[in-house]
Amino acid sequence: MNLYNKNILSKVINLETVLWINEDKPNFNDISNTLALDYKDIEDASNRLDKFSPLIKKLFPETGDGIIESPLETGGILKQALENTYNLKINGDISVKCDSHLKVAGSIKARGGIYEVLKLAETIAIDEGLLDINDDYSKLAEPKFKELFSKYTVAVGSTGNLGLSIGIISSALAFNVDVHMSSDAKEWKKEKLRKRGVNVIEYDDDYTKAVAQGRKQCKNNKNCHFVDDENSKDLFLGYSVAALRLKKQLKEKEILVDEKHPLYVYLPCGVGGAPGGIAFGLKHVFGDNVHCYFVEPTEAPCMLLGLLTGKYDKSSIKDYGISGVTEADGLAVGSPSKLVSEIADKLLDGIYTTEDNELFKLLKILKDSENIKIEPSAASSLLGPNLIESNKNSHHICWLTGGLFLPDRLYEEMYRVGGR
Ligand SMILES: Cc1ncc(COP(=O)(O)O)c(C=O)c1O
């Protein structure tokens, strides 16, 4: 490990906030064909989601056209508020990507989770000879498919939001669903799932344990599908589709991305699947004109530790006595995904960490400036534009990753803490 990384590591272990720059990041063109997945895989996932839109429209009319996508909002007032609060000048403009308000599941985990379960339903229905790829997929809502899917169980380990995403789509299709929830998962998320008939299994242990239990449950049971947040390529590709849609949104808003107009994207990271999938998609769309940064809590910097030590998924915050306890419940993860660590090592521009107190402050700033409600995990992305050096032609995107379903009474308390 070089001196720079050593220095960052010792700060991470001391729970100090850091900004780590990935000094060894190669040019994207030089390594794009060495990665586990490629652009065709993203397109394939995007096309599959389009094919499912009539079904989504039927099951979740609130989506309108059956495409689960979030708005990109420009954040002029937010920029001013950040500059005033932190007493600095931010070069370039800021937008927020509102996955916090993604329909159906209310978080960034909606895209990947829903995609994986839809693909599973497609595979089962085709194998049974009940579906042809040229059919109108809205037929999957018919009773005979419900009867078919009810013979299968979908299992997942989660800190909360992936469980919500998997639980909501799986129960809508009539799969049985078991969500193994870590101790970090919030009670309201469990309650929401139980109301939909989802079997919530609680552990007084961390996320890694909850995932291991889900994996164990499905081992040797061909009618049980385990959604593997640590390794699933389908989840990863479901997330990556966001990049193709963001490209369109940027074009509609006439926001240029090229060598002279760099794009900076800040993505909250837990196990890494959601931010990793999105960063992977963005690099394929914008190459080295996009700069992706992950953000993690000082109490759960699993991806940063994995990349710094080179141990990836074999590293754990526990090895360094770091607690994993954070109000950013979606980011409370001890070890990163192997699939994502390998990719992130080559794509990321860096990772920064933040303390919980800062999250509440940022959550309040966003509400006061742009009137957007988010959960603490999502607030971590708002710190990015303050930290990263950019020029006046830059565009910053803070990826807001959750919040829609957060109960008002809990949100109001967080907002109050943010004002202290
Ligand atoms: C609100 C929120 N943001 C970010 C993430 C990070 O996603 P991942 O665990 O795939 O890195 C999560 C994960 O559950 C989340 O719930």
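This report describes how the ligand is held in a predicted model of the protein.

The space taken by the ligand is the largest cavity, and the residues that form the shell around the ligand come from two parts of the chain, since at least three belong to domain 1 (3-105 + 240-418) and at least three to domain 2 (109-233). Among the elements that contribute to this shell, helix 11, which spans residues 273-286, gives the most, with three residues.

There are 17 residues around the ligand, and those that come nearest are Lys 109, Asn 161, Gly 270, Gly 272 and Thr 401. Sorted by character, the shell consists of six nonpolar, nine polar and two charged residues.

Several polar atoms of the protein lie at short range from polar atoms of the ligand, as the table sets out for three residues.

| Residue | Atom of the residue | Atom of the ligand | Distance |
|---|---|---|---|
| Val 271 | backbone N or O | oxygen | 3.0 Å |
| Gly 273 | polar backbone atom | oxygen | 3.2 Å |
| Thr 401 | side-chain N or O | nitrogen | 2.7 Å |

Taken alone, the ligand exposes 390 Å², and the protein buries 98% of that area.

Methods
Residues are numbered from 1 along each chain as its sequence is written. This is a predicted model: local features need pLDDT of at least 70, side-chain atom pairs count only at pLDDT 80 or more; totals for chains, interfaces and linings use all residues. Side-chain values use heavy atoms; hydrogens and water are left out. A residue is near a molecule or strand if one of its heavy atoms lies within 4 Å of it. A polar contact is a pair of N or O atoms within 3.5 Å; within protein, one must be able to donate a hydrogen and the other to accept it, and residues adjacent in sequence count only if both atoms are side-chain atoms. Accessible areas come from the Shrake-Rupley method with a 1.4 Å probe; for residues, only the protein chains shown count as cover. On a 1 Å grid over the protein atoms alone, a cavity is a set of points where a 1.4 Å probe fits but cannot get out, and a pocket is an open set with protein on both sides within 12 Å along at least five of seven lines; lining residues have an atom within 4 Å of a point. A molecule sits in a cavity or pocket if more than half of its atoms lie within 2 Å of its grid points. Helices (H or I, at least four residues) and strands (E, at least two) are DSSP runs, numbered from the N terminus. Ala, Val, Leu, Ile, Met, Phe, Trp, Tyr, Cys and Pro count as nonpolar, Asp, Glu, Lys and Arg as charged, and the others, Gly among them, as polar. Domain bounds come from an automatic or database domain assignment.
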